[in-house]
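Trainee: I should like to go through the terms used for this structure and to hear the reasoning behind each of them.

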Amino acid sequence: MQQFPHDTVIVLDFGAQYSQLIARRVREMHVYSQIVPYTITAAELKAMQIKGIIFSGGPASVRAEGSPRPDPGIYDLGIPILGICYGLQVMSIQNGGAVERPEKREYGFADLTILQKESSLLQGITDSSRLWMSHGDSVCTLPEGFSHTGSTPNCPYTVIENEAKHFYGVQFHPEVVHTTQGKTFLENFVFGVCKAEANWDMGSFVASAVAEIREKVGDRQVLCGLSGGVDSAVAAVLIHKAIGDQLVCVFVNNGLLRKGEAEMVQKLFRDNYNIRLQYADAEQAFLSALKGVTEPEAKRKIIGKVFVDTFYAEARKAGEISFLAQGTLYPDVIESKSPSGGPSATIKSHHNVGGLPEDLKWELLEPLRELFKDEVRALGRELGLPQELVNRHPFPGPGLGVRCIGEVTKERLDTLRDVDAIFIEEIRKAGLYDDIWQALACLLPVKSVGVQGDERTYEEVCSLRAVTSEDAMTADWYRFPPEVLQHAASRICNEVEGVNRVLYDITSKPPGTIEWE
Ligand code: XMP
């Protein structure tokens, strides 16, 4: 079982929508936190040598038959536990308490009444502190050895504890921002009760990740596909730091990249980092496969297939390879949950590589699988990657192929590259790049009439789009100051030959998607 090089607080996951948020809050305190499924055994947890355990909330009712229960041996480990919502309730009933369902669900704010000021969990918490509640069931009989140290008008047992055993439970959600002193509650548990040290930062992550990669890889070779995006770049630089020339990177130029991207990737990795880089210029292969194709899914399938063919042809030139590196992040790992033993390793279908061909028996190497996106960016900065790359907006695998609406030709792609570059430049000039989740330009399959000088024109139409988002699942259109759009539009029509009209897309997601295709 995994042992951690840093003081660690484990989040035992009962299926809560907030489990990730709990882990994030702990990491924000510079204490390492990882989510594990509730089915983990007490013996496995003991072997991890952790400082504390947080039971997450969960959608089930503890009163329902078959609802999740952790291994009762957990209560004998001598490790502090904080139960949140469902976590509080499951800890209560496993320790002799009882839970009932009051007539009404409680959802929203409640004010705390502190009953015992000395409680370790309540240090620095003010009376009437605002809490965020979201529960159907409530504890109605305290478990053995517990007292209640805080209550709210609709829930007497809002904060309970067994000080001797270091078990704490809260009915509210300290991890969400609506709980105004949520951070203090969690700090009281992590530092006050668990006595964890704040020793998790990107510097210490690099040191332990490098050691881990070296041990796993030994003297074998690793292959890493670069996409021009943040995750694969950070993964490659980290692995390179660990094993130097045992890393081979492959970069496929599919002809669907942004302006200057192929040059940037080669310069950065080959010249700056001295990384072995195989560059495959496959523009022709992609463009001829896409010739005459306009249907979006057909385009995606073709781009995916040509990519896989090119990538593996390149890989076969790289000599004996034992590992394929992937920039898989923590949210991907959690999403592909499997019961115990951790999630299975899946290769993202839309990422760089499809399924592995039969004859290539590679193991996966995923050095970022414990990190959230913003932590990957921080790691990139720690490794000295340029800020421009580290903060870059997401870019889809099929690239400009799904932004050239209608037929994809070299000429249209060149036009689109110029439009995109001007749009992004204007956004950067206005200092807005980092406020925006993603900004993009599309070329539409229509032409429009215009007038330039004294001449009538009949040319391409482009659409600009910028969105704000948390996770790309939903998005809202970005409200630009009008002059930014005005500058971009006027530069595009003046500087990009073949475009005479610029639109701005104000569709949110849903109903639109971020990309047009
Ligand atoms: P949509 O258009 O579905 O996009 O709202 C959501 C996010 O995913 C990106 N995207 C992709 N990323 N390969 C990728 O790596 C793809 O095939 C792909 N398609 C969409 C999109 O840019 C947005 O950030």
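Trainee: Leaving aside its neighbours within four places in sequence, which residues is T8 in contact with?

Mentor: The model is a predicted one. In it, T8 contacts Y32, I50, K51 and G52, once neighbours within four places in sequence are set aside. Contact here requires heavy atoms within 4.5 Å.

Trainee: Why does T8 count as buried?

Mentor: The relative accessibility of T8 is 1%, and the term buried applies under 20%. T8 therefore counts as buried. The residue is found in strand β1, which spans residues 8-13.

Trainee: What makes the pair formed by the side chain of T8 and the backbone oxygen of H6 a polar contact?

Mentor: A polar atom of the T8 side chain lies 2.8 Å from the backbone oxygen of H6. The cut-off for such a pair of N or O atoms is 3.5 Å, so the distance satisfies it.

Trainee: Which residues of helix α1 are buried?

Mentor: In α1, residues 19-28, the buried positions are S19, I22, A23, R25, V26 and R27. Just after this helix, H30 has a positive phi of about 65°.

Trainee: Why are helices α5 and α11 called roughly perpendicular?

Mentor: Helix α5 (residues 202-217) packs against helix α11 (residues 373-382) at an angle of about 80°, and their axes are 10 Å apart. Angles of 65 to 115 degrees count as roughly perpendicular, so α5 is roughly perpendicular to α11. The residues making the contact are M202, G203, F205 and V206 of α5 together with E375, A378, L379 and E382 of α11. By class, five of these are nonpolar, one is polar and two are charged.

Trainee: What makes β15 and β17 edge strands?

Mentor: The open sheet has five strands in the order β15-β14-β13-β16-β17, with parallel pairing. Strands β15 (276-281) and β17 (363-365) each pair on one side only, and they are the edge strands. On average, neighbouring strands of this sheet are turned by 25° against each other, direction ignored.

Trainee: How do you know that β14 and β15 pair?

Mentor: At least two bridges are required for pairing. Strand β14 (residues 247-253) and β15 have six bridges in the parallel sense, so the requirement is met. V252 stands opposite A280 in β15.

Trainee: How is helix α7 placed with respect to β15, and which term fits the angle?

Mentor: Helix α7 (residues 261-272) lies across β13 (222-226), β14 and β15, and runs at about 165° to β15. Angles over 145 degrees count as roughly antiparallel, so that term fits α7 and β15.

Notes
Residues are numbered from 1 along each chain as its sequence is written. This is a predicted model: local features need pLDDT of at least 70, side-chain atom pairs count only at pLDDT 80 or more; totals for chains, interfaces and linings use all residues. Side-chain values use heavy atoms; hydrogens and water are left out. Helices (H or I, at least four residues) and strands (E, at least two) are DSSP runs, numbered from the N terminus. Buried means under 20% relative accessible area, exposed over 50%, partly exposed in between (1.4 Å probe, protein chains only). A polar contact is a pair of N or O atoms within 3.5 Å; within protein, one must be able to donate a hydrogen and the other to accept it, and residues adjacent in sequence count only if both atoms are side-chain atoms. Axes are lines fitted to C-alpha atoms, for helices over the stretch in contact, and angles run from 0 to 180 degrees between N-to-C directions. Angles under 35 degrees count as roughly parallel, over 145 as roughly antiparallel, 65 to 115 as roughly perpendicular and the rest as oblique. Ala, Val, Leu, Ile, Met, Phe, Trp, Tyr, Cys and Pro count as nonpolar, Asp, Glu, Lys and Arg as charged, and the others, Gly among them, as polar.
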